[in-house]
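Trainee: I would like to go through this model with you, one question at a time. Could we begin once it is on the screen?

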Amino acid sequence: MNTVLRYIEPAGAILLAVIWISPLMFAFWAAFHSTSDAVNFNLFSAWTLDNFRTAWDGAPWLRYFLNTFLLVTVVLIGQFILTTLAGFAFAKLDFPGKNFVFILVLMQLFILPEVLIVENYAMVSRLGLFDSILGVGMPYMASAFGIFLMRQSFKSVPIELHEAARIEGCGLLGILWRVYVPLAKPTYLAYALVSVSTHWNNFLWPLIVTNSPETRPLTVGLSIFGAPENGVDISVISAATMMSVAPLLLAFLLFQRQFVQAFLRAGIK
Amino acid sequence: MNKHINLEKRRQAIYGWLLLSPAAVLLSLFAFYPSFATFVSSLFSKKTRRKPSEFIELENYADLFADPTFWLVVKNNLFYAAITIPVSIAIALAMALWANSKIPARGFVRTAYFTPTVLPMIAAANLWLFFYTPGLGVLDQIGSLFGLPSVNWLGQPETALWAVIIVTIWKEAGFFMIFYLAALQTIPEDLKEAADIEGCSRWTYTRRIVLPLLMPTTLFIMVNAMINSVKLIDHLFILTKGGPSDASKLILYYIWEMAFAFFDAPHAAAMTILVLAVLCVVAAIQFFYLDRRTHYQ
């Protein structure tokens, strides 16, 4: 009985892993085969790159890649600046109203930007940022979550370092830049990985705010490309899907440990 | 001396507010003001060419409560939450226990479990389309091996929501696994040794020692899963578009449709306020739980 159990558990674990990875594997396989071979599961049929060629010609992918890249960069830079400043103020400065404002910030953790799409759309239009990459990124820059993360990280910096820098004649911003920011590097890395993969994958808000190929990120481009009205076949959609997930997926496979650590650090507060 | 301290206090206050101001401005523009504006616009009627918008108190809410589609969507979303939350947590727990034990090919197993997390929901939906397509899809091909008839998984009201639910579970279980995995690694080895000396079976050890120690993690994951059951709707745009006959429509998708397809902002606003109210309850649970956890430590 016990020996049977010893084999059943690993078998279950591996079976679940195979099931879990199979949608990706099937799409990968289909992307490299002609549609008729893919749907008939001709396992020994010839490999081809035609689907990628068709998909690539069907939409301005290079532009979409560029847009997503710009979006992710703009959001990350904005988040780094804003959360560093606010996190530092919450962690190391003492001023009236601090706790009240901090509670307001925490509340934003539950007011999801996704839910406020109607009014955020109105706000972005009012600011003249409709259909711009800045408009897509702006609502996410003052991330309550990021502020919280930076505050935690700065709090753990020993006050002696702060004092020493001050005696050396460093101003407050100088101390932040020369003492706190370098010490928080792991937190920045973790936050960057989470932020990049979140915004690389974000869909609903970019769908609402973008209206032209010049600003559309990959996810929105992919959804338009794969829309049934366009009558694209399954192999070509698979190829397009593979193309658009490839950068993030490769990065993940290469830096798996860091990714997992990052998600952990970000999740456990 | 006193003057010096006062000066330092003033300096900190000025710096504090200066450093906060960029974040405060953006938070006000994209979280606080919109929440307030949503509430206000939920109390006004829709502006048409003939009639200007006017104050109608809670009429938009009354309309919603009288709208059978709204109730269907609420029911769908509750069902969506009731299935995805417990199932994805259970699978995540199993994954973590396995990924943490000494099994062959552990690296592959962990990677396989976690990979869906880094894919966009839109891409996930495209992958699953390949499974669900009637006649050609993988599920139908497997079914036909056993002589089962072709099923239009996404096209019939009985199965469409299930198809959506399965994609969500697939997407989030690996993410939740990570938190369990981290918690498992903090359980001290000597507990296992003590259990072995007492002659505990592995099952007893898991049920009596591991699961209770994982309770705080489970609560944390549960809050995340609740938020996700409101938030994760991207795949609807590819798989079902809420159909057939609204059978798989979820609240956030309905809000989007109301506002950007039917151009009915006031009713979308009323619905948004209701969702925010629910999220407040979730927030309250989280704060309550955080309180509890500090008692543990």
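Trainee: How many residues of domain 1 of chain B are in contact with domain 2 of chain B?

Mentor: This is a predicted model, in which local features need pLDDT of at least 70 and side-chain atom pairs count only at pLDDT 80 or more, while totals for chains, interfaces and linings use all residues. Residues are numbered from 1 along each chain as its sequence is written, and chains are lettered from A and ligands numbered from 1 in the order in which they are written. The assignment for chain B gives domain 1 (1-41) and domain 2 (59-296), with bounds that come from an automatic or database domain assignment. Taking two residues to be in contact if their C-beta atoms, placed from the backbone, lie within 7 Å, six residues of domain 2 of chain B are met by residues of domain 1 of chain B numbering four.

Trainee: How far apart do the C-alpha centres of domain 1 and domain 2 of chain B lie?

Mentor: The side of domain 1 of chain B that touches domain 2 of chain B has one nonpolar, three polar and no charged residues; here Ala, Val, Leu, Ile, Met, Phe, Trp, Tyr, Cys and Pro count as nonpolar, Asp, Glu, Lys and Arg as charged, and the others, Gly among them, as polar. Between the C-alpha centres of these two domains of chain B the separation is 37 Å.

Trainee: Which helix of chain B gives the most to the side that touches chain A?

Mentor: The contact takes 68 residues from chain B and 71 residues from chain A. On the side of chain B that touches chain A, 56 residues are nonpolar, 10 are polar and two are charged. Helices are DSSP runs (H or I, at least four residues), numbered from the N terminus, and the one giving the most to this side of chain B, with 18 residues, is helix H1 (residues 2-41).

Trainee: How many residues of helix H13 of chain A are buried?

Mentor: A residue is buried if 20 or more other C-beta atoms lie within 10 Å of its own, with C-beta atoms placed from the backbone. Among the buried residues of H13(A) are A:Leu218, A:Val220 and A:Phe225. Helix H13 (residues 218-225) of chain A is mostly covered, and of its eight residues the number buried is seven.

Trainee: Which residues does B:Ala92 touch, not counting those up to four places away in sequence?

Mentor: B:Ala92 is one of the residues with the most contacts inside the largest nonpolar core, which has 155 residues; such a core is a set of buried Ala, Val, Leu, Ile, Met, Phe, Trp, Tyr and Cys residues joined through C-beta atoms within 7 Å. With residues up to four places away in sequence left out, B:Ala92 touches B:Ala173, B:Phe176, B:Met177, B:Tyr180 and B:Ile221.

Methods
Helix = DSSP H or I, 4+ residues; strand = E, 2+ residues; numbered from the N terminus. Buried ≥ 20, exposed ≤ 12 C-beta atoms within 10 Å, placed from the backbone.
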